[in-house]
Amino acid sequence: PMPPRAESHPLADLRDGFLYVARHAQIRTLLLLLASTSLFGAAYLTLMPVFARDVLHGGSDALGFLMAAIGAGALLGALMIARVSPALLGRVPYLAAVCLGVSVIAFSQSTSFSLSMVLLVPTGFAMMSLGISTNTLMQSAVDDAMRGRAMAYYVMAFIGMLPISSLIAGSLSHEIGAPATLSIGGGVVVVAAAVAYALSRRQ
C-alpha cells in the first residue's frame, strides 16, 4: 500500500528534489554524466540525415539502415545490462560513456557506408547501457520518499537535454561541418566520463 504523504506544492517538490540530488554525491555524479552525454554525445541522432546524404552519399534507405544499426546496438545493450553482476554495474556508466564518445568520433570520420553501420552498433549499445545502468544505480540508491522527484531529474538529464543538443549540433555543424561537430561532442563525452569516474572514486 502507498504510505500517506503530506500535501505539498509542486514547486516545493521540485526544489526538494533538486536539493536532494545535488547533495547526494553518487546521484549527482551520475546525473551530470548522463546530462553531459545527452547534450554532447547524442548529436549523431540529429545529424544522421546529413551523414546519410552528404557524407555517405545515400538516400532515405541509407538513413533507415543507419538508424536500424543504432537500434540493433541499443537492443544488445539492453540485453547485456540484464546480465551484468551488481559488483560490476557501478562501472558501466563510465565505460559506456567512453565507448559512446569513441564510437561517435570514429563514426564521424568514416566515409564508408558499411563501416559507418558497424560503428553505429556500439554507439547505440553504449547509449542504452548508459541510460539503463544509471537508472538502475539511482533506483538502488535513492530514498523511497524522494524516488519520484529524483527520477524526474533523471528524465530531464537523459531526455530533456536532447532538444538542446539538437540546437547546438545544428548550429555548430552549420559553421564547422557535421563530422567536426560529432568529433568535438565525442571528445567532450570521453572527458566527462573521465572526470565523473575520478569524482566517483573520491566519493
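Helix 9 is the main contributor to a nonpolar surface patch, giving four residues. The model is predicted. Its protein chain has 10 helices and zero strands. A nonpolar core of 51 residues is the largest in the model.

**Surface patch**
- The patch consists of Phe40, Ile164, Ile168, Leu172, Ile176, Ile184 and Val188.
- Together these residues have about 510 Å² of accessible area.
- Two elements give two or more residues each: helix 9 (161–176) and helix 10 (178–202).
- Ile168 sits in helix 9.
- Ile168 counts as partly exposed, because its relative accessibility is 36% and the partly exposed class runs between 20% and 50%.
- In soluble globular proteins, nonpolar side chains tend to be buried together.
- The residues of this patch, by contrast, lie on the surface.

**Overall fold**
- Along the sequence the chain reads α-α-α-α-α-α-α-α-α-α.
- The radius of gyration is 18 Å, and a compact globule of 203 residues would come near 17 Å, so the chain agrees with the globule value.
- Along the principal axes, the C-alpha atoms fill a box of roughly 60 × 35 × 35 Å.
- Of the contacts between residues at least 6 apart in sequence, 80% join residues at least 24 apart.

**Burial and surface**
- Buried residues account for 40% of the 203 residues.
- The accessible surface of the chain is about 10700 Å².
- Carbon and sulfur atoms hold 70% of that surface.

**Nonpolar core**
- Within the largest core, the residues with the most contacts are Leu31, Leu33, Tyr44, Leu120, Met138 and Leu182.
- Eight elements are listed as supplying at least two core residues each: helix 1 (10–23), helix 2 (25–41), helix 3 (43–55), helix 4 (60–81), helix 6 (92–108), helix 7 (113–141), helix 8 (147–158) and helix 10.
- Helix 10 thus appears in both settings: it supplies at least two residues of the core and two or more of the patch.
- Leaving aside residues up to four places away in sequence, Leu31 touches Val21, Met138, Tyr153, Tyr154 and Ala157.
- Met138, one of these partners, is also among the core residues with the most contacts.

**A backbone point to check**
- His57 lies in the loop between helix 3 and helix 4.
- Phi of His57 is near 55 degrees, a positive value in a residue other than glycine.
- Most residues other than glycine have a negative phi.
- His57 is exposed, because its relative accessible area is 66%, over the 50% cut-off.

Terms used. Residues numbered from 1 in each chain as written. Heavy atoms only, no water. Patch = residues over 30% accessible without salt bridge, like charges linked within 9 Å, V, L, I, M, F, W, Y side chains within 5 Å. Areas by Shrake-Rupley, 256 points an atom, 1.4 Å probe, with all protein chains shown as cover. Salt bridge = Lys/Arg side-chain N within 4 Å of Asp/Glu carboxyl O. Buried < 20%, exposed > 50% of the residue type's maximum accessible area, 1.4 Å probe, protein only. Rg over C-alpha atoms; globule rule 2.2 N^0.38 Å. Contact = heavy atoms within 4.5 Å. Core = buried A, V, L, I, M, F, W, Y, C linked by side-chain atoms within 4.5 Å.
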